[in-house]
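Biologist: I am new to reading structures. Show me the model, and let me ask how each label is earned.

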Amino acid sequence: MATAVSFRRAGAAVLPALVFGVLFAVGWQVFVRAADVSSFVLPAPSDIWRAAVDAHARILDAAWYTGLNAFVGLLIGVTAGVLLAAVATRVPVLGRTISPLVAGLAAIPIVALAPLLNNMYSPVSTLPRREVVAITAFVPVFINVRRGLSMLSPVHRELMQSFAASGTAVLRTIRIPGALPYFFTGLRLASSLAVIAAVVSEYFGGVTTGLGSRITGSVGASDYPGAWASVLGAVLLGLLFYVSVLIIERAVLGRRAAAVL
Amino acid sequence: MTPAVSLSGVSKTFTLRRGSVVALEDIDLTIERGEFVSLIGPSGCGKSTLLRVIADLLVPTTGTVEVNEKSARKARLDQDYGFTFQQAGLLDWRTVRANVELPLELHGVDRSKRRARALELLDLVGLTDFTDHRPPQLSGGMQQRVAIARALAESPALLLMDEPFGALDEMTRERMQDELVRIAAETGAAVVFVTHSIPEAVFLSHRVVVMSPRPGRIADVIPVELGKRNADTRESPAFYAVITQVREALRGHQTTSAADRAAEIDRAKGAL
């Protein structure tokens, strides 16, 4: 009963976006056909769809490869982000050291990093790509978890002091549960960024099995609908990551989860 | 009988970047067991600081503080008092019952005892129907009831309350005052109650401690003899007589500048 209601509610939330998406695709189709735009400038949605259907098995393989890189990198980045944020909160001296470094890390464009990391490893290694993903995913998780853990209202501080509670007890009963919504905000950002990073990291040589490689490969072969079909695959992969995190967030936080997608 | 709280020669000086501020000076006060005492005074008179000194949340610069014949620190570690704040300070992700259980959980009381005690306390504050609700689903007054139940969890002999009804509307506030009188009587706990409201202080207390600011001192201690409190108490002439007494005590210790300002306002009104 409750799930039926929540499904209906989710449907109602998604409907406007869905309608907009369909209208947008129709408008795009009509525009390309009416203005006779050549396919290397902008292929029609119907051409992209045909290319996607034709190559769906290969796109799926490529998505699997890129998705695995994104997933492993995300896992490493999130773990590191949570652990370092905890350390930075518990040991203020380290916090003051780490935080500016993270700010610096956030300013590094993946584009600048990927070719350099590629050079460090064998050309067939997936490691540099996963590292790019990990670094990208680390930043939002670290920043959000750090903020969440350091939020202790004066009332709660004094309350726990009046209970003669230890620092560990404060961490367990207030700081960690209080930081969970922040963690999920960071994780949501990180999950989308992870897919983007995994795709972009493939633009700079190395193994050519992923979605990013397919995009550059198709463009090189003047197969523009094919390139767009791979972009569509990347979009769907990103959505899969984002929605998975959203579902986990709802399951863990229940009513406390943010009401917005 | 030994007193619940005894303060002698207590002062508190805060050292700030630019010089220091004397928040409390020369405080001597004894509060008997089961006695209800309100601290009242203008902002900056140190009433909240005094409450925190009793609670060992702040350490006094000089003087001694004893709670239950122990040092304030020992009393805090032994959970001899419960504390409530202006904000209820509940944990939103816990149910009402789990919020009340929090101190018991922190002190290693086992699950079934915790649960039984929480239900008993929620019955005392009249929230039996809301045990599994989350705090955000409750009104401000109900949240304060949960906070009071939580403060009573360890059956303390002393309840320290820092403007707990300050954020409530007038009607809820009076109802909470009625409840608090009953709860204090039922538990037999002594209460130290910080407030800005003169009628609230008079209605609740056996004694009203009037404080003056800069530095915070006890200006006057006014005994309130109104007998058993009920709905008629708030209408009685005796109630208003004590209110007037407290108001005059507060006015007597206004700073000169404030008195001047008041006179100025009166003159301005006259001119109109």
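Biologist: What percentage of the residues in chain B is buried?

Modeller: This is a predicted model. In chain B, 42% of the 272 residues are buried. The label needs 20 or more other C-beta atoms within 10 Å.

Biologist: How do you know whether the radius of gyration of chain B agrees with a compact globule?

Modeller: Set the value against the rule. A compact globule of 272 residues would have a radius of gyration near 19 Å. Chain B has 20 Å, so the value agrees. The C-alpha trace of chain B spans about 65 × 40 × 40 Å along its principal axes.

Biologist: What makes up chain B, in helices and strands?

Modeller: Chain B has 9 helices and 10 strands. Take its contacts between residues at least 6 apart in sequence: 70% of them join residues at least 24 apart.

Biologist: Why is Thr89(A) called buried?

Modeller: Count its neighbours. Thr89(A) has 20 C-beta neighbours inside 10 Å. The cut-off is 20 or more, so Thr89(A) counts as buried. Thr89(A) lies in helix H3 of chain A, residues 56–90.

Biologist: Which residues is Thr89(A) in contact with, leaving aside neighbours within four places in sequence?

Modeller: They are Gly95(A), Arg146(A), Leu149(A) and Ser150(A). Now take Trp28(A). Thr89(A) and Trp28(A) are 61 residues apart in sequence, and their C-alpha atoms are 50 Å apart in space.

Biologist: Why are H3(A) and H9(A) called oblique to each other?

Modeller: Look at the angle. The axes of H3(A) and helix H9 of chain A, residues 211–220, cross at roughly 130°. Roughly antiparallel needs over 145 degrees, and roughly perpendicular covers 65 to 115. The crossing fits neither band, so H3(A) and H9(A) are oblique. Their axes come within 7 Å.

Biologist: Which residues make that contact?

Modeller: H3(A) brings Ala62(A), Ala63(A) and Thr66(A). H9(A) brings Leu211(A), Gly212(A) and Arg214(A). The contact residues divide into 3 nonpolar, 2 polar and 1 charged.

Biologist: What makes S2(B) and S5(B) edge strands?

Modeller: Each pairs on one side only. The open sheet has 4 strands in the order S2-S1-S4-S5 (chain B), with antiparallel pairing. At its edges are S2(B), residues 20–31, and S5(B), residues 70–71.

Biologist: How do you know that S1(B) and S2(B) pair?

Modeller: Count the bridges. Pairing takes at least two, and 8 join S1(B), residues 5–15, to S2(B). These strands run antiparallel. One bridge partner in S2(B) is Val21(B), set against Phe14(B).

Biologist: How many bridges join S6(B) to S7(B), and do the strands run parallel or antiparallel?

Modeller: There are 4 bridges, and the strands run parallel. S7(B) covers residues 158–162. Its Leu158(B) stands opposite Tyr81(B).

Biologist: Which way do the residues of S6(B) point?

Modeller: Tyr81(B) and Phe83(B) point one way, and Gly82(B) and Thr84(B) the other way. All are buried. In a regular strand, side chains alternate between the two faces of the sheet.

Biologist: Last topic: how many residues of chain A are in contact with chain B?

Modeller: There are 15, touching 15 residues of chain B. Helices H7 (154–162) and H8 (167–200) of chain A each supply at least two residues of that side. H7(A) gives the most, with 6 residues. This side of chain A divides into 8 nonpolar, 4 polar and 3 charged residues.

Note on methods
Residues numbered from 1 in each chain as written. Chains lettered and ligands numbered in written order. Predicted model: local features only at pLDDT ≥ 70, side-chain atom pairs only at ≥ 80, totals over all residues. Rg over C-alpha atoms; globule rule 2.2 N^0.38 Å. Buried ≥ 20, exposed ≤ 12 C-beta atoms within 10 Å, placed from the backbone. Contact = placed C-beta atoms within 7 Å. Nonpolar A, V, L, I, M, F, W, Y, C, P; charged D, E, K, R; others polar. Axes fitted to C-alpha atoms, helices over the stretch in contact; angles between N-to-C directions. Parallel < 35°, antiparallel > 145°, perpendicular 65-115°, else oblique.
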